[in-house]
Amino acid sequence: MTQSILLVLLANVLLLATGLGALPLIGVARSGRELLRRSGLAYLVGLAVGGIVAATLAVLQLSASWLAFSLLAGASVVGGAYRLRGRWSGGDRGPRCARIDLGIAAAASVAMLALVVQAGRAFVVAPFYDWDAWAVWGAKGRDLVLFGGADPAVWGHQWGVGHREYPLLVPGLEAMVFRAVGSFDVQVVHLQFLLFAPALVAALVALLGDIVPWRILFPILLALVAAPGFLLELMRAYADVPLACFLAAGTAAAGRWLLRGERWCLVTTALLYGAALVTKNEGTLFVAAAYIAVAFCVGRDRKRLGQVGVAILGSVAILLPWRIYASILHLQNEDYKLGDSFRLGYVASRVGRGPIALHDMVDKVVLPSQWGLLATVALLAAGAALLARRRMLPAFAAAFALLSLAGLSWIYVISPLGIGDYVNSTTARVTGSLVLSLAALAPLMATEARRPEES
Amino acid sequence: MTTRSRGARAVAAAAILVAAVSAVLGVSRVWPRLDTAHRAYAVLSSGSAERFPARDLGLDPAVFDFYRRNLKPGERFFVRAPQSGVVSLWRKARPWAWYWLAPAIEEGDLAKADAIVSYDDDPSRLGVPLGRIVRFPGKPRYSVAWIRR
């Protein structure tokens, strides 16, 4: 077991290196100093880039082997180093923290580390104990290894259980683990899911740590990691929390871009939202909601709208190989057909399901045993920003939340599945993307509330 | 500082306080659940962890190991199992066979299948010409039967 854990960690070091090299390449770091300051983003970016590459290679019937991940990491590091070309200085030196900030950050970091280590003990021995873990995600991870990619003979054969229409980022990462350890180790593969926790925390620190006081940032980060739905859902080995992690960090970057207009933030958003699109079909809904919300906040500023348009194109380009592959194989969503939205009689007969689903989702969003008090934290932070007449981020958060909930409710309306079972088995986890994204915006909103009024 | 901005700061401070409370409540809820999970799963061997879902579904993992030994990679198999009951054996055996027997490929269309995997059922009732049949020792209704083409 120890050897398997080390091999998984080694594979993830390659992803970290991939991300570290990618930061200068995508313009997140323009100097060594900036790279150091924003290096917290490297691992989540590495998971995104590695996952996107693995998913794309799978579609092309190529296996993402050790060699592929090593080449990717090597190319990324060399490309990143070339981009920096020894430039060290540039950008500001970053925040100077008061002692109390450092103390709070240290205490919260120790608590988060303890929680992740405690989780690690359970994760590395847990089997696939829930249906989707093996029937949906694990099966595809195995098949990518056994068939050397997304073999159309297997993927084109869809019969209503395996969700073959779901994209391949998570199976691609699982396949990476299976290849790294040399067997279908269903226990150690959970470690890959757990690693999304430090990846998200480090990314949020890198994205927000220089503009949000740590006394605000770290308590919210700790609340996020300690929310029962976060680690316990990750242990189920479903793709919902990985999706939520990409969305949350992407949304924090989008929030920062709305406030400060820094280009690197929007590039980060485009990449992480692209990864979200390749993680799960619901990603499309959340990413669409977020981009519409961003465009709504930008208003009539044509230059910024154009930048958002380019970011959207970037995210969509990441999903394109999978969409082409899925349409060639006629892979249909097993739980609902968007085309049913236009069957008026059908929709009219089921429209009563919307309020049932919405009620249940709102319940799950605020349920302390699922997502802690994260929604309340976000609501208070938004209220504080509104009181301080900083409307941009509360407007973004509200538009994103309303559009997401409306979109999810619509899916429950048009799905032919029984509403009771469907709602019971899904709302707790699908709301994670919404709650974590709002929680990722909360530090920015709380900071906005404390900013001195402009005269 | 205006009353409004003092109010904003107070609400922001309340948000941080609620975050701290949320963290404490979360840790107190998550920590023991992780402990329980560790104790429950640490006793599993890697083999029993791999077969955990089959046991969880009430299926006999040894039978599926037997199928796996007998099917060749790429062979297409049709799953035959009783379909009665709220959650029938077929509804459990089919997805698990699909997962566990890869790289053999589950086939829903009998006309395209190379073999029939029977779980507590008789493949001859499907009315297709059968060639070689291997039966699980001591359980004749659990078998792999190849279709004669």
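**Packing and pairing in chains A and B**

Student: What is the phi of B:Gly138 in the turn of the hairpin that S4(B) and S5(B) form?
Tutor: Helices (H or I, at least four residues) and strands (E, at least two) are DSSP runs, numbered from the N terminus. Between S4(B) and S5(B), the hairpin has 2 residues. B:Gly138 sits in that turn, and its phi is positive, at about 85°.

Student: What kind of model is this?
Tutor: Residues are numbered from 1 along each chain as its sequence is written, while chains are lettered from A and ligands numbered from 1 in the order in which they are written. Local features need pLDDT of at least 70, side-chain atom pairs count only at pLDDT 80 or more, and totals for chains, interfaces and linings use all residues, this being a predicted model.

Student: Which strands are at the edges of the open sheet in chain B?
Tutor: Two strands pair if DSSP finds at least two bridges between them. The sheet has 5 strands with mixed pairing, in the order S2-S1-S3-S5-S4. Each edge strand pairs on one side only, and these are S2 (105–106) and S4 (130–136) of chain B.

Student: Which residue in S2(B) is the bridge partner of B:Phe77?
Tutor: S1(B), residues 76–80, runs parallel to S2(B), and 2 bridges join them. The partner of B:Phe77 in S2(B) is B:Glu106.

Student: Which residues in S5(B) are the bridge partners of B:Ser118 and B:Ile133?
Tutor: S3(B) and S5(B), residues 139–147, are antiparallel, with 4 bridges. S4(B) and S5(B) are antiparallel with 5 bridges. In S5(B), B:Ser118 has as its partner B:Ser143, and B:Ile133 has B:Ala145.

Student: At what angle to S1(B) does H5(B) run?
Tutor: Axes are lines fitted to C-alpha atoms, for helices over the stretch in contact, and angles run from 0 to 180 degrees between N-to-C directions. H5(B), residues 89–100, lies across S1, S2 and S3 (115–118) of chain B. Its angle to S1(B) is about 160°.

Student: What radius of gyration does chain B have?
Tutor: The radius of gyration is taken over C-alpha atoms, and the globule rule is 2.2 Å times the number of residues to the power 0.38. Chain B has 5 helices and 5 strands, and its C-alpha atoms fill a box of roughly 90 × 35 × 30 Å along the principal axes. A compact globule of 149 residues would be near 15 Å, but the value for chain B is 26 Å.

Student: What radius of gyration does chain A have?
Tutor: Chain A contains 22 helices and 0 strands. For its 455 residues the globule rule gives 23 Å, and the chain comes close to that, so it is as compact as a globular protein of that length, with a value of 21 Å.

Student: Which helix gives the largest share of the side of chain A that touches chain B?
Tutor: Two residues are in contact if their C-beta atoms, placed from the backbone, lie within 7 Å. By that criterion 57 residues of chain A are in contact with 43 residues of chain B. The helices of chain A that each supply at least two residues include H5 (99–123), H20 (374–387) and H22 (419–450). The largest share, 8 residues, comes from H20(A).

Student: How many nonpolar residues does the contact of H5(A) with H1(B) have?
Tutor: H5(A) and H1(B), residues 3–41, pack at about 25° with axes 7 Å apart, which makes them roughly parallel (under 35 degrees; over 145 is roughly antiparallel, 65 to 115 roughly perpendicular and the rest oblique). Among the residues making the contact are A:Leu115 and A:Ala119 of H5(A), with B:Trp31 and B:Leu34 of H1(B). Ala, Val, Leu, Ile, Met, Phe, Trp, Tyr, Cys and Pro count as nonpolar, Asp, Glu, Lys and Arg as charged, and the others, Gly among them, as polar. The contact has 2 polar and 1 charged residues, and the nonpolar ones number 10.

Student: Which hand does the crossing of H3(A) and H16(A) have?
Tutor: H3(A), residues 42–59, and H16(A), residues 302–328, pack at about 25° with their axes 10 Å apart, which makes them roughly parallel. A:Ile52 and A:Val59 are among the H3(A) residues that meet H16(A), where A:Trp322 and A:Tyr325 are among the partners. A crossing is left-handed if the near helix is turned anticlockwise from the far one by less than a right angle, and right-handed if clockwise. This crossing is left-handed.

Student: How many charged residues are in the contact of H10(A) with H13(A)?
Tutor: The axes of H10(A), residues 196–208, and H13(A), residues 240–260, come within 10 Å and cross at roughly 0°, and the two are therefore roughly parallel. The residues that meet include A:Leu200 and A:Leu204 in H10(A), with A:Ala249 and A:Arg256 in H13(A). The contact has 14 nonpolar residues and no polar ones, and the charged count is 1.
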